[in-house]
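Here's a quick briefing to read alongside the coordinates. Have the viewer open and follow along as the topics come up.

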Amino acid sequence: MTDTLMTPMFDAQRTMINQSNETFKRGLKLQHDAFEAFRGTFDTQKSTQRRNVEATQRAVDSYFEAIEDAGGDAMGVREVHEAIDEQFAAFLDLHEQSWDAFEQLAEENAEAYDEFVSQLESMADDSTEMAVEASQQAEEQTEIAIESAEDAVEQ
């Protein structure tokens, strides 16, 4: 190919096509990184929730122990206290199971999302390659047309 007055325009077009592809892929990476950052907060959220439940359990235990120490045991307070302790234990088990299921689902979604992003990037690369090739073909055809016009004028 020889340089013509149109060459800079085609070069700029191909640069824009490639930059658009890179911008698109950076956007995908940004979304991925944001999701990963969100997933990174799971442990903190889980432990904060657990600590809150345990603090509530300690407060309830203290309340019932105070009633029991004041002679409330004769009124069946111990049985109620034990039942509530069992409910807290069941709740903490359910909390753990729920978070495990949530984290597993998030992991599966992350894997599916990564696969989806990989396919999008591949499609974007393929589209970019086709657009650059089309630009190159258009440039070649333009050069041929310009050379033919120049030859016709010279004759």
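What follows covers helix packing, one helix in detail, and then the salt bridges. Bear in mind that this is a predicted model.

**How α1 and α3 pack**
- Start with helix α1 (residues 7-39) and helix α3 (residues 77-154), whose axes come within 9 Å and cross at roughly 175°.
- That crossing angle is over the 145° cut-off, so α1 counts as roughly antiparallel to α3.
- Sorted by class, the α1 contact with α3 is made up of 14 nonpolar, ten polar and ten charged residues.

**A look at α2**
- Helix α2 spans residues 42-69, which is 28 residues.
- From first C-alpha to last, α2 reaches 40 Å, close to the 40 Å expected at 1.5 Å a residue.
- Which residues of α2 are buried? They are F42, K46, V53, Q57, D61, F64 and E68, so charged side chains such as K46, D61 and E68 appear in the list as well as nonpolar ones such as F42, V53 and F64.
- The cover over these buried residues includes α1 and α3.
- Just past the end of α2, G71 takes a positive phi of about 95°.

**Salt bridge between helices**
- The structure has eleven salt bridges, and one of them pairs the side chains of D125 and K25 at 3.0 Å, N to O.
- Because D125 sits in helix α3 and K25 in helix α1, this pair ties together parts that are 100 residues apart in sequence.
- Are the two partners buried or exposed? K25 is buried, with a relative accessible area of 18%, whereas D125 is partly exposed at 31%.

**Salt bridges within a helix**
- As background, an α-helix has 3.6 residues a turn, so residues three or four places apart point the same way.
- In helix α1, R39 and E36 are three residues apart, about one turn, and their side chains meet in a salt bridge at 2.9 Å, N to O.
- E36 is partly exposed, with a relative accessible area of 28%.
- In helix α2, the side chains of R50 and E54 form a salt bridge at 3.1 Å, N to O, with the two residues four apart, about one turn of the helix.
- Both of these α2 partners count as partly exposed: R50 has 27% relative accessibility and E54 has 25%.

**A salt-bridge network**
- D11, R14 and E139 are joined into one network by salt bridges that share partners.

Terms used:
Residues numbered from 1 in each chain as written. Predicted model: local features only at pLDDT ≥ 70, side-chain atom pairs only at ≥ 80, totals over all residues. Heavy atoms only, no water. Axes fitted to C-alpha atoms, helices over the stretch in contact; angles between N-to-C directions. Parallel < 35°, antiparallel > 145°, perpendicular 65-115°, else oblique. Expected span 1.5 Å × (residues − 1). Buried < 20%, exposed > 50% of the residue type's maximum accessible area, 1.4 Å probe, protein only. Contact = heavy atoms within 4.5 Å. Salt bridge = Lys/Arg side-chain N within 4 Å of Asp/Glu carboxyl O.
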